[in-house]
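Reader: I should like a close look at a single part of this model, with its surroundings described in order. Please proceed from the element itself to the residues around it.

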Amino acid sequence: MSATNFKTENNTYRKLIGNGLTYRIPRFQRDYSWTEDEWENLWMDILGTIQTSGEPAHYMGYLVLQSQDDKNFDVIDGQQRLTTLTLIVLAALKNLKRLIEEKNNPGNNQQRIEQIRQTYIGYLDPVTLVSRSKLTLDRNNDHYFQTYLVPLGHLPQRGFRASEHSLRKAFEWFDKRVREYTKKAGGDEGVALASLVETMSDRLFFTVISVTDELNAYKVFETLNARGVRLSSTDLLKNYLFSVLHRDGEHAHEMKALEDRWEAMVSRLGSESFPDFLRVHWISRKTSVRQSELFKIIRAQIANREAVFELLRGMEEDMDTYLALTNPEASSWTPSLKGFAQNLRMFSVRQPFPLLIAAHRKFSASDFESLFRSCVTISFRYNVIGGLPAHEQEHIYHNVAQKISSGSLTSAAGALEAMKPVYPNDDMFRAAFSEKILRTTNSRNLRIVRYILCALEQQISGQEYDSESGSITVEHILPQNPVSGWSAFSDEEADVMVYRLGNMTLLDKGQNRDLGNTEFSIKRPVLADSNFEFTRKIAEDNVDWTPERIAVRQKAMVKIATGIWRIAQLS
């Protein structure tokens, strides 16, 4: 992003709004949504600065603007704050108007109204009372704002959108607070009202980021998000798609259809998950892309109304699959498919999502289930046990996803063959598993250990257990905090060995609680009495517990694990 397309500076509210510039909320930005909580916080911040002993300045955060001429700006982020500050100024004008109606210094207060309106609100035609406002709201809110709020007329309450009611309520809330403030201030109320507006405008300041086009605005969003500033790239993407329809010739029914369908998707996904879904969807059908480059790619390829609605249809088609992958409990999938999705979530593995979404679209139900099961096995071998580089795996998955989408891979067997580079072979898996350490102080690792131990138990006993059951616990045979009776381990060995898979086993919750940090000779009879065959075998095979015995047991686990997490076609 070149310096000519990007500018940043700190500006007071007065400099922003009082210098002949105009601001427009893009037509399809989200509607006004602040509530009393945000009004109260802003009002307390303002009071904290305008009082005699108050702060000399109050920071209002980032304001992202887009402009070609440095005179007229689209508000990309910050519309809620700018709109609310305008409502506060209008509330002050309402109170000045009330003083005039009460014959309270009408001449001076009329001059104050005209000066404040011209500086902060805009020109009001004295004949038609039609406003030429400095701030234009979005398409759902601007009519109410310009027709009723800016002229300070009667505020009708029926037949309006929820966001228009929010505007009215915000204005009435601040009208009341401003009136209370001027009463408490004492002296000339007109002076107090004018002082409120002037002091507020001088002491509230923003970091203003100005860009020249949507792409630069999107890059700003990405940069600020990376620094912990929460902005909505989802809104920017939506605005771009609407701008394409507008450019091609606005059709009201198409605009309404796009808005309704888009908002339905955002509502189901949540605005924070939407960019990730969009990337996964795009990769599953088009090409691999980093999140930071997604908007640039979409802008290059979605250039007309046909492409907009094609994108929309594809997203709607893929959304249920994405939601089932990320929130399987709420899906209508079979128990086995839900279990696979839960396993990927437990592993913290999302790389296969584009591939799975493509396969769900293109493959038969049986082939999809087969491929899904294989993805879980690969993720266990590659990510959980192997700890291998995820970016290499991601490249393979994305390539396979696009081949499935294009029709060049038509079966689970063909897709699996293409995924072979990310399937660690048996020798690699055995070597990694035999040395694997999972520190169960991490809740994710503890869940994975329970999952592994339950799978091993099922393999040797034939008894199936729910690894998430509250009645099952993980027993560290060498305790996490050993005291007496563990002289076979040096301090260094104990720190490492305690989290080796060979040192961990399943116990019923009550038995684990009773064992605590006791030595092996006391634990052994309890282990021998366990309901778990794999746990009983520890007591049968070991008269003591040493680093060597842990290694031997983990090697025995390797043999069983290799058979459980194995894909015959790739082995």
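Author: The model is a predicted one. Strand 8 covers residues 204-211, and 7 of its 8 residues are buried, so the strand is largely enclosed by the rest of the structure.

Part of that surrounding is strand 3, which spans residues 58-66 and pairs with strand 8 in the parallel sense over 7 bridges. Within this pairing, Leu65 is the residue that stands opposite Ser210 of strand 8.

Met60 is a residue of strand 3. Its relative accessibility is 9%, and because buried means under 20%, Met60 counts as buried. Leaving aside residues up to four places away in sequence, Met60 touches Leu204, Phe205 and Phe206, and also Leu42, Arg81 and Leu85. The C-alpha atom of Met60 is separated by 9.5 Å from that of Asp45, a residue 15 places away along the chain.

In a regular strand the side chains alternate between the two faces of the sheet. Tyr59, also in strand 3, takes part in an aromatic contact with strand 8, and the structure holds 27 aromatic pairs. In the pair formed by Tyr59 and Phe205, the ring centres are 5.2 Å apart and the planes meet at 45°, so the arrangement is tilted. This pair joins distant parts of the chain, since Tyr59 belongs to strand 3 and Phe205 to strand 8, 146 residues apart. Tyr59 has a relative accessibility of 39% and therefore counts as partly exposed. Phe205, at 23%, likewise counts as partly exposed.

Another aromatic pair, that of Phe347 and Tyr451, is edge-to-face, with 5.5 Å from centre to centre and 70° between the planes. It too links distant parts of the chain: Phe347 lies in helix 14 (residues 335-347) and Tyr451 in helix 20 (residues 443-461), 104 residues apart. Phe347 is buried, with a relative accessible area of 2%, and Tyr451 is buried at 14%. Ring pairs join Phe347 and Tyr451 with Phe380, Phe429, Phe433 and Trp565 in a cluster.

Aromatic rings also meet charged side chains in this model. Lys286 lies over the face of Trp282, 5.6 Å from the ring centre. The charged end of Arg553 sits over the ring of Phe534, at 4.9 Å from its centre.

To return to the part requested, strand 8 is largely enclosed, it is paired in the parallel sense with strand 3, and its residue Phe205 forms a tilted ring pair with Tyr59.

Terms used: Residues numbered from 1 in each chain as written. Predicted model: local features only at pLDDT ≥ 70, side-chain atom pairs only at ≥ 80, totals over all residues. Heavy atoms only, no water. Buried < 20%, exposed > 50% of the residue type's maximum accessible area, 1.4 Å probe, protein only. Helix = DSSP H or I, 4+ residues; strand = E, 2+ residues; numbered from the N terminus. Pairing = 2+ DSSP bridges. Contact = heavy atoms within 4.5 Å. Phe/Tyr/Trp six-rings, centres within 6.5 Å; stacked < 30°, edge-to-face > 60°. Lys NZ or Arg CZ within 6 Å of the ring centre and 35° of its normal.
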